[in-house]
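The following exercises are to be worked with the sequence and the structure at hand. Each task is followed by a solution in steps.

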Amino acid sequence: MSENRKIRVAITHGDTNGIGYELIFKTFAEQEMLELCTPVIYGSPKVATYHRNALDIPANFTIVNDVEEIKDGRINFIPVFDEEIKVELGVPSEESGNAGLLAVDRALEDYRKGAFDVLVTAPIDNNEQFHFSGQSRYIEDHLEVEGQGISVLINESLRVALATRNLPLKQVVESVTSSTIIDCATVLHNSVRRDFRISNPRIAVLSLNPKAGANGLLGTEEQEIINPAIETLEEQGIQAFGPYAADQFFGGSDWEKFDAILAMYYDQGIAPFRALTVEGGVNYLAGLPLVRTAPDTTACFGIAGKGVADEMPMRHAIYLAIDIFRNRREYDEPTAHPLQKLYKEKRDESDKVRFAIPKRRDDRTPRSE
C-alpha cells in the first residue's frame, strides 16, 4: 500500500433484493467517510440506480472498469456483471442471491491483485429460494489459503467466537473436541493480539453443558474435553480460563473481565451477544490474511426498499476493518526489518541468561479490573 493513499475499503452489494445498497448509500452520505477511506463498491450500476431511485437517496458514484482507475475522494464503483437482472425489493430469489456472490468473486479476484486493503460484505441470506452456507465459509473456500478462519462477533465491549460452525444441536456434541477448542482459541488469541493490539489477552471458554456439567452430573465433556484443552492452552502460554456456565457468565459481570470469549455453539454465543449489543454489531472473519468484516444483520427483506434500515452496523463494520488493518500494520512493523545480532553465536551462552523471559505465568486466576 502506498503511504500517500487512503485505506481502500472494498464493499460488496449483497443480495440485490435486500438492504445492501441502502446500507452503503446511507453510510457514505456522510462526507467524512471519504476522508477516512476510499470506498470501492462491487455491484451493478443499474441495480444501484434502481435502489437509489426507490429509496430517494442522493448517492453519487463513479464507475471504474479497472482497479487502476480507483481514486481517493469519491465512491468508486466496479461493475461485476452486465446482465439485466430483475430487482424485486423484499423478495428473495436465487438470482438476487447469486448476484451477491458474483460481487464477492470479483472482489476476491481483485484482492489477489492488491487492489484494496480490506473487504466489507453486505448481507446475503440463506432462504428457500437461495440455499447458502454463509459468506464467511464461501470466502474461506475461495481465498485459497491454508488453515481456516473463525467468525468473531464484535460490539462495544464483547468479542465472541464460536468453537463450532452453525450446526444442528444434535451435531454440536460430536463436533466439540479438545483439538477444535485448542485450534479455535489459538486463532482467537493470535487475532486479539495482532488485530486488536492486546498483548496478553484473557480468553474465557464457555462450558458445553448446563451448569458446566455439574461435576459430571449433567455431562462429562467439561472434564474430558474442555478442561484438558484449557490446560494445553495454558502450557502454550495462552491465558485461557473456564469452563464457565453461560447463564452465570453472562447473567453477572464475569464477561467484562475478559478480552474474548469462546462459545461452544451458535445460540450460546450469539443470543447474549445480541442482547448486550446497543448498536452496530460486526461479524469479523479472524485468522485470514484478508481483513473481512460484515454488519451483523440479515438482508432484512421485510424492510427492503422502505428507507428504514439502520446503517450503523455497516458503518461500524467499515470502522473495524480499518482499525484492524492499521493495527496489523503497526504490529508487523517491528518484525519487518529485524535488528542484526550484536555478537556472533558462541558455544558458551551463559551471558545470555539474563535476557531470558518466562514462557508463561503460573497464576491462572483472572484479575478483576
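A residue counts as buried when its relative accessible area is under 20%. The model examined here is a predicted one.

**Exercise 1.** Determine which residues of strand 10 are buried on one side and which on the other, and identify the strands that pair with strand 10.

Solution. Begin with the two faces. Ala260 and Leu262 lie on one side of strand 10, Ile261 and Ala263 lie on the other, and all of them are buried. Both faces are thus covered.

Next, consider the pairing. Strand 7 (residues 159-162) pairs with strand 10 in the parallel sense, over three bridges. Strand 8 (residues 202-206) likewise pairs with strand 10 in the parallel sense over three bridges.

Finally, locate the partners of isoleucine 261. In strand 10, isoleucine 261 stands opposite valine 160 and is also the bridge partner of alanine 204.

**Exercise 2.** Classify the packing of helix 1 against helix 3 as roughly parallel or roughly perpendicular, and describe the contact.

Solution. Start from the geometry. Helix 1 (residues 20-27) and helix 3 (residues 45-55) have axes 10 Å apart and pack at an angle of about 75°. Angles of 65 to 115 degrees count as roughly perpendicular, so helix 1 is roughly perpendicular to helix 3.

Then list the participants. Helix 1 contributes Tyr21, Glu22 and Phe25, while helix 3 contributes Val47, Ala48, His51, Arg52 and Leu55. By class, the residues of this contact comprise five nonpolar, one polar and two charged.

Last, examine the surroundings of helix 1. Eight of its eight residues are buried, so helix 1 is largely enclosed by the rest of the structure. Among them are the charged residues Glu22 and Lys26.

**Exercise 3.** Decide whether glutamine 135 and aspartate 254 are buried or partly exposed, and give the contacts of each.

Solution. Take glutamine 135 in helix 5 (residues 135-143). Its relative accessible area is 8%; because this is under 20%, glutamine 135 is buried. Leaving aside neighbours within four places in sequence, glutamine 135 is in contact with Thr12, Val104, Thr121, Ala122, Pro123, Ile124 and Arg292.

Turn to aspartate 254, in the loop between helix 9 (246-251) and strand 10 (260-263). Its relative accessibility is 28%, and aspartate 254 therefore counts as partly exposed. Not counting residues up to four places away in sequence, aspartate 254 touches Gln248 and Phe249. Tyrosine 244 is ten residues from aspartate 254 in sequence, and the C-alpha to C-alpha distance between them is 9.4 Å.

Technical notes:
Residues are numbered from 1 along each chain as its sequence is written. This is a predicted model: local features need pLDDT of at least 70, side-chain atom pairs count only at pLDDT 80 or more; totals for chains, interfaces and linings use all residues. Side-chain values use heavy atoms; hydrogens and water are left out. Axes are lines fitted to C-alpha atoms, for helices over the stretch in contact, and angles run from 0 to 180 degrees between N-to-C directions. Helices (H or I, at least four residues) and strands (E, at least two) are DSSP runs, numbered from the N terminus. Angles under 35 degrees count as roughly parallel, over 145 as roughly antiparallel, 65 to 115 as roughly perpendicular and the rest as oblique. Contact means heavy atoms within 4.5 Å. Buried means under 20% relative accessible area, exposed over 50%, partly exposed in between (1.4 Å probe, protein chains only). Two strands pair if DSSP finds at least two bridges between them.
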